[in-house]
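Below are my notes on the structure you sent, as numbered points. Please read them with the coordinates open.

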Amino acid sequence: MTDKKKRVGILISGRGSNMMSLIAAARDSGYPAEIACVLANRPEAEGLAKARSAGIKTRAIDHALFKGRGDFEAALDDALREAGVELVACAGFMRLMTPDFVERWRDRMLNIHPSLLPAFRGLHTHERVLAAGVKITGCTVHIVRAEMDEGPVIAQAAVPVLNGDTLERLAGRVLEAEHKLYPHALALFASGRVRIAGEKVLGPQVSINQEKALFCPPLA
Ligand code: GRF
């Protein structure tokens, strides 16, 4: 465990609700991370104004203004380093990153995805979950590797799919879990309570309830 707060840079592309959950958690004096900056690849990202009104330093780095992915990522990297960032938290950041950038932030960059990875990687997750008819889905915070939505899993939350769920209802239920999971996973990671061994993250274990499993539909 370390006592010094880790400086976190959050990357967003849109509304930034997960970003806000991290900002809110980091207000707690006992939280092991502080939010050093929020960077967006789209100047019109709604999350930028939300972060600013929460008193966080923000910057838009518009990917469309750069010749190639490498130049854009160099600017991103400069901004992160200028802000003294030690850990990067992607929160709805919709740009694929080059292996080079991922390597530069190896084991120091996290992402949240709205499924129980490795199931349902990629876009349109909830549509595919509903189409597949699975009964349990959820969300995952993982360490970023070069492949999309791949990398050692830090934490997951399981969310039931309910009869008659619409896309909006399911997405809303999963998002509620995301807002609890990301601050929790970042705290585990930033405090050093988890460690990476091989391509697995080892950390605290849950206490198992009587059933030892989540059943959906329920047993009773
Ligand atoms: C979340 O569902 C997250 O899991 C996914 O993109 C969405 C971003 O939402 N990667 P928000 O911008 O955090 O509100």
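1. Isoleucine 154 touches Leu110, Val141, His142, Ile143, Ala185, Phe189 and Val201, leaving aside residues up to four places away in sequence. Bear in mind that this is a predicted model.

2. Ile154 is also among the residues with the most contacts inside the largest nonpolar core, together with Ile10, Ile35 and Val38. That core has 45 residues. Helix α6, residues 167-190, gives the most to this core, contributing 11 residues. A second core of 21 residues is separate and includes Ile61, Leu80, Val88 and Phe93. As a general remark, nonpolar side chains in soluble globular proteins tend to be buried together.

3. How are the strands ordered in the sheet? Seven strands form an open sheet with mixed pairing, in the order β3-β2-β1-β4-β5-β6-β7. The edges are β3 (58-60) and β7 (153-160), each of which pairs on one side only. On average, and ignoring direction, neighbouring strands of this sheet are turned by 20° against each other.

4. Within the sheet, β1 (residues 6-12) and β2 (residues 33-40) run parallel and are joined by seven bridges. Isoleucine 12 stands opposite alanine 40, which belongs to β2.

5. Helix α2, residues 46-53, lies across β1, β2 and β3. Its direction is at about 160° to β3.

6. Is helix α1 mostly covered or mostly uncovered? Helix α1 (residues 17-26) is mostly covered, with eight of its 10 residues buried. The buried residues are Ser17, Asn18, Met19, Ser21, Leu22, Ile23, Ala25 and Ala26. The elements covering them include strands β1, β2, β4 (87-90) and β5 (109-113), as well as helices α2 and α6.

7. Which residues are around the ligand? They are Arg15, Gly16, Ser17, Asn18, Gly92, Ile112, His113, Pro114 and Glu178. Two of these, Ser17 and Asn18, also appear among the buried residues of α1.

8. Three polar distances to the ligand may be worth checking. A polar side-chain atom of arginine 15 lies 2.4 Å from an oxygen atom of the ligand. For glycine 16, a polar backbone atom is 2.9 Å from a ligand oxygen atom. For isoleucine 112, a polar backbone atom is 3.1 Å from a nitrogen atom of the ligand.

Terms used. Residues are numbered from 1 along each chain as its sequence is written. This is a predicted model: local features need pLDDT of at least 70, side-chain atom pairs count only at pLDDT 80 or more; totals for chains, interfaces and linings use all residues. Side-chain values use heavy atoms; hydrogens and water are left out. A nonpolar core is a set of buried Ala, Val, Leu, Ile, Met, Phe, Trp, Tyr and Cys residues joined through side-chain atoms within 4.5 Å. Buried means under 20% relative accessible area, exposed over 50%, partly exposed in between (1.4 Å probe, protein chains only). Helices (H or I, at least four residues) and strands (E, at least two) are DSSP runs, numbered from the N terminus. Contact means heavy atoms within 4.5 Å. Two strands pair if DSSP finds at least two bridges between them. Axes are lines fitted to C-alpha atoms, for helices over the stretch in contact, and angles run from 0 to 180 degrees between N-to-C directions. A residue is near a molecule or strand if one of its heavy atoms lies within 4 Å of it. A polar contact is a pair of N or O atoms within 3.5 Å; within protein, one must be able to donate a hydrogen and the other to accept it, and residues adjacent in sequence count only if both atoms are side-chain atoms.
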